[in-house]
Amino acid sequence: LILAMDACYGIHVYGMINDTYCKSEGFHKVPYHYYEPGRDECEEYFLHENAPYGGHRFITEKKVFAKWAKKHTIIFTHPNWTVS
C-alpha cells in the first residue's frame with residue numbers, strides 16, 4: 001500500500017476485512033488457509049495479535065490502513081469499510 005499511495009491517485013482494496021470484523025456480530029468463520037484445515041481466520045488473527053513475540057499483527061495492520069484511508073484515496077470493498 002505504501003508504494004501504491006505514492007504512485008497512484010486512488011487505491012481499491014478488495015477482500016480485506018477491517019480491524020473490528022472478528023468482534024462484530026454475524027461475522028463468517030472461514031479457514032485461514034483454504035487448503036489446510038485448522039484455525040479459522042479470526043482465531044489466527046487473535047493468536048498473532050497476542051503473541052508474546054514475532055507474529056504478524058494483522059489487526060494492528062488493518063488499523064493502520066484505516067488511518068491511511070483518512071488521508072489518501074483508499075477504498076475497501078467486499079466487505080466495505082466505514083472509515084471514520
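Tutor: A residue counts as buried under 20% relative accessible area, as exposed over 50%, and as partly exposed in between, with a 1.4 Å probe and protein chains only. The model is predicted: local features need pLDDT of at least 70, side-chain atom pairs count only at pLDDT 80 or more, and totals for chains, interfaces and linings use all residues. Residues are numbered from 1 along each chain as its sequence is written, and side-chain values use heavy atoms, with hydrogens and water left out.

Student: What is the relative accessible area of cysteine 8?

Tutor: Cysteine 8 belongs to the partly exposed class. The value that places cysteine 8 there is 40%.

Student: In what order do the elements of the chain run from the N terminus?

Tutor: Helices (H or I, at least four residues) and strands (E, at least two) are DSSP runs, numbered from the N terminus. The chain has three helices and four strands. Their order is α-β-β-β-α-α-β.

Student: What percentage of the residues of the chain count as buried?

Tutor: The C-alpha atoms fill a box of roughly 40 × 30 × 25 Å along the principal axes. The chain has 84 residues, and the buried share is 26%.

Student: To which residue does a disulfide join cysteine 22?

Tutor: A disulfide is a pair of cysteine sulfur atoms within 2.5 Å, and the structure holds one. Cysteine 22 lies in the loop between β1 (11–14) and β2 (31–33), and its partner lies 20 residues away in helix α2 (residues 41–49). The link is left-handed, with -85° about the S-S bond. The S to S distance is 2.0 Å, and the partner is cysteine 42.

Student: Along β1, which residues point to one face and are buried?

Tutor: In a regular strand the side chains alternate between the two faces of the sheet. In β1, His12 and Tyr14 point to the other face and are not buried. The buried residues are Ile11 and Val13.

Student: Which residue forms a salt bridge with aspartate 40?

Tutor: A salt bridge requires a side-chain nitrogen of Lys or Arg within 4 Å of a carboxyl oxygen of Asp or Glu. Aspartate 40 lies in strand β3 (residues 36–40) and its partner in the loop between β1 and β2, so the pair ties together parts eleven residues apart in sequence. Aspartate 40 is buried at 9% relative accessible area, whereas the partner is exposed at 61%. With the closest N and O atoms 3.4 Å apart, the partner is lysine 29.

Student: Which residue forms a salt bridge with arginine 39?

Tutor: Arginine 39 is partly exposed, at 43% relative accessible area. Its partner counts as buried, at 10%. The closest N and O atoms are 2.9 Å apart, and the partner is glutamate 44.

Student: Which side chain of opposite charge is nearest to glutamate 49?

Tutor: Lys and Arg count as positive and Asp and Glu as negative; His and the chain ends are not counted. Glutamate 49, in helix α2, is buried yet has no salt bridge. A polar atom of its side chain lies 3.1 Å from the backbone nitrogen of isoleucine 59. The nearest side chain of opposite charge is 5.4 Å away and belongs to arginine 57.

Student: Is the peptide bond from histidine 78 to proline 79 cis or trans?

Tutor: Histidine 78 lies in the segment after β4 and is exposed at 53% relative accessibility. Histidine 78 also has a positive phi of about 55°, although it is not a glycine. With omega near 5°, the bond to proline 79 is cis.

Notes:
Polar contact = N/O pair within 3.5 Å; in protein donor to acceptor, adjacent residues only side chain to side chain.
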